[in-house]
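This briefing covers the ligand site and one helix of the structure shown below. Points are grouped by topic.

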Amino acid sequence: MADVAARAGEPSTSSGLVGGDKFERRTATSFWESQQRWLDTGQMRARGNVDPQPTGPEGPGIPTNLSPAHIPGPGDEASEFAIARILWNYFRTSLSPTFTGGNLNEEESKTMTQSIRASTAETHETSPENAAWFRYVLGQYPTGVTLITAAPGDDEPAGMVVGTFSSVSLDPPLVAFMPDVRSTSWPKIRETGSFCANILTAGQQDVCRAFSRKAEDRFSANHWADTPSGSPRLEGAAAWIDCDIEDVIRSGDHDIVIGRVRALGVGSSKELPLLFLRGGYGSFTIPSIISPATALTRHVKAADAARPVIEALAEELKLEVLVSGVVDDSVVVLTAAGVDSSPGGSPSRVGVSFGLAAPLAPLHVAWAGEGAEKRWIDNAREVVGKIDATLAHAELEQVRSLGYAVSVDVGAAAEFERIVHVPSDTAAPDLSGVLPLLIERAASSGPAALDDPAGVTSLHAPVFDSEGQVAVTLTVNGFSGDDSLARLEDCRDRLAASAAAITQTIGGTPPSAIAP
Ligand SMILES: Cc1cc2nc3c(=O)[nH]c(=O)nc-3n(C[C@H](O)[C@H](O)[C@H](O)COP(=O)(O)O)c2cc1C
């Protein structure tokens, strides 16, 4: 119970959840409001590092420490020094007559000061009855920042910022958030029976401020689209989750709202989500999930393992063999073999890149999940305006069942060749200019297979990583378009065997449906 209320950020009310404390009974200011006011007055600065120096004319506020990279960790000498300084700061604050946490009135500041002094002086403080301590401890828990929106009837849309949005259940798909029962927006949202949770990005702090401050023009100042439930979806948000209200459970001074997810999606912006921690805003810099260096390392390792295999294959087939990977939604040729021996080979293959857009390069998407499939189709839509999604899905179905892909368009291949044949090896050819043509031609020819060998120009096979995802693909390039079925089948088998060998070398696991 206390947990829920704390995550909702509002322990300071007259609900009796947290009682006894003088400050508690006097102030009707919520945790979120007071935090927001501190931010607004500039006395708590969202700077992304520990700042034990005074943050305003009146002295120090609660330290804001926003960037995970700077959050002091145990055993970290510099961090321990920083922590010591923070604590000293608190003690120093506690010696002054007022607590300088922003525009609290004098009485509130005094009580807050006493509260914090009591909490920090008594190093074994553990009581949830001490509201200031309660808020301070719970403020150590970082949250995302989500804008909950709904469109009540003829009224203007309703929206409120919450830090309590969370996933609840996968089957059925449920999420939750926890509004304060005193919120003026929540009853309007409730009345509609649905809501959209917009996950704000680090660049949308102004949206967060406008909505938590009830700014007048907060809807007109932003761009919105409609969700299936009719709730406003904020353009540029990191993600959106459209829900019907399934259940509302009163818990202390907050409601726990359970939403059944109707539809959801990610934004096209590459920006990371906004975070809220210790009264300040920040965002992640986690190399393990977003660093291009990590993706690059994976690719480089796979390409390195592939090198001897593709050289042998190119020699055997007298054709060009390429290794490609996906970097930032583009397919990039990482390495190539046989570029001199094959008639169609080009020494300027490496570095060639084109957008990962349907129905091109389906192997990079076929095992990557629904999100990747949607992005693949959306990318194509952005380039050519409209795309037949059914055909794109048929393409994926086909490569999943075959375990390889076939390219057939001799005309498009010729255009491709014309562009990649650049005389200089300093500039990598970029195919983005010819991308619409490639998409349209591939879309019009539909999913290709070997039963009809006419026009086949290249064959592709996937190399899997340890998570069963496609690490890189191998392409045998340069068929004339009238090779015999027997020749093509032989090439396909050798290509598949080479891809399987590389998968094994890098410790990869193919999905069971296509395991040898
Ligand atoms: C980062 C952040 C997180 C917040 N989280 C919550 C929350 O989980 N629940 C809540 O009721 N209010 C939360 N608030 C406060 C509301 O956004 C704020 O009170 C808003 O104005 C709602 O009031 P209204 O519904 O009367 O407009 C949060 C505010 C901020 C800045």
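**Ligand site and helix α7**

The side chain of Thr164 has an N or O atom 2.8 Å from an oxygen atom of the ligand. The model is a predicted one. Two serines also make polar contacts with the ligand: a polar side-chain atom of Ser183 lies 2.5 Å from a ligand oxygen atom, and one of Ser185 lies 2.8 Å from a ligand oxygen atom. On its own the ligand has 630 Å² of accessible area, and the protein covers 95% of that.

**Shell around the ligand**

- The ligand is surrounded by 19 residues, and the closest are Val161, Thr164, Asp180, Ser183 and Thr184.
- Ten residues of the shell are nonpolar, seven are polar and two are charged.
- At least two shell residues come from each of α3 (31-40), β3 and α8 (205-212).
- Strand β3 supplies three residues, the largest share of the shell.

**Helix α7**

- Helix α7 spans residues 185-192, and its residues Ser185, Trp186 and Ile189 are buried.
- Viewed down the axis of α7, the buried residues fall within an arc of 95°, so they line one face of the helix.
- These buried residues pack against the strands β2 (146-150), β3 (158-162), β5 (174-177), β6 (194-199), β9 (239-251) and β10 (254-266).
- Gly193, just after α7, has a positive phi of about 80°.

**Where the two topics meet**

- Ser185 is one of the buried residues of α7, and a polar atom of the Ser185 side chain lies 2.8 Å from a ligand oxygen atom.
- Strand β3 packs against the buried residues of α7 and also supplies three residues to the ligand shell.

Notes
Residues are numbered from 1 along each chain as its sequence is written. This is a predicted model: local features need pLDDT of at least 70, side-chain atom pairs count only at pLDDT 80 or more; totals for chains, interfaces and linings use all residues. Side-chain values use heavy atoms; hydrogens and water are left out. Buried means under 20% relative accessible area, exposed over 50%, partly exposed in between (1.4 Å probe, protein chains only). Helices (H or I, at least four residues) and strands (E, at least two) are DSSP runs, numbered from the N terminus. The arc is that of the directions from the helix axis to the C-beta atoms. Contact means heavy atoms within 4.5 Å. A residue is near a molecule or strand if one of its heavy atoms lies within 4 Å of it. A polar contact is a pair of N or O atoms within 3.5 Å; within protein, one must be able to donate a hydrogen and the other to accept it, and residues adjacent in sequence count only if both atoms are side-chain atoms. Accessible areas come from the Shrake-Rupley method with a 1.4 Å probe; for residues, only the protein chains shown count as cover. Ala, Val, Leu, Ile, Met, Phe, Trp, Tyr, Cys and Pro count as nonpolar, Asp, Glu, Lys and Arg as charged, and the others, Gly among them, as polar.
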